[in-house]
Amino acid sequence: MDKSVLGYYKAIGQVQSAIANAATLDDALQGGLKAIVQNVGAHMAVIWYLDK
C-alpha cells in the first residue's frame with residue numbers, strides 16, 4: 001500500500017480519536033484540525049466560524 005494512503009488512514013484515526021475524546025465541540029474541532037495539520041505537514045490551519 002502506498003505511504004500516502006497509510007498517512008490518510010492515520011489522519012482519519014487521529015481525527016476520530018480527537019472527536020471521541022473531546023469534551024466540547026471546540027475541543028473536537030481543534031483536536032481534529034491539529035491531527036490533519038500534523039499529517040499533511042502544514043505549518044498552520046484556521047477554523048472559521050460563521051456569525052449569524
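**Briefing: a two-helix chain**

L25 sits in helix α2, which covers residues 25-40; helices here are DSSP runs of H or I with at least four residues, strands are E runs of at least two, and both are numbered from the N terminus. This is a predicted model, with local features needing pLDDT of at least 70 and side-chain atom pairs counting only at pLDDT 80 or more, while totals for chains, interfaces and linings use all residues. Numbering runs from 1 along each chain as its sequence is written, and side-chain values use heavy atoms, with hydrogens and water left out.

**Overall layout**
- The protein chain has two helices and zero strands.
- Its radius of gyration, taken over C-alpha atoms, is 12 Å, well over the 10 Å that the globule rule (2.2 Å times the number of residues to the power 0.38) gives for 52 residues, so the chain is more spread out than a compact globule.
- Along the principal axes, the C-alpha trace spans about 45 × 25 × 15 Å.

**Burial and exposure**
- Just 13% of the 52 residues are buried, meaning under 20% relative accessible area, with exposed being over 50% and partly exposed in between (1.4 Å probe, protein chains only).
- L25 counts as exposed at 63% relative accessibility.
- M1, in the segment before α1 (3-21), is exposed too, at 72%.

**Around L25**
- L25 and Q38 are 13 residues apart along the chain, and their C-alpha atoms are separated by 20 Å.

**Charges**
- There are 4 positive and 4 negative side chains (Lys and Arg versus Asp and Glu; His and chain ends not counted).

Notes
Charge placed at Lys NZ, Arg CZ, Asp CG, Glu CD.
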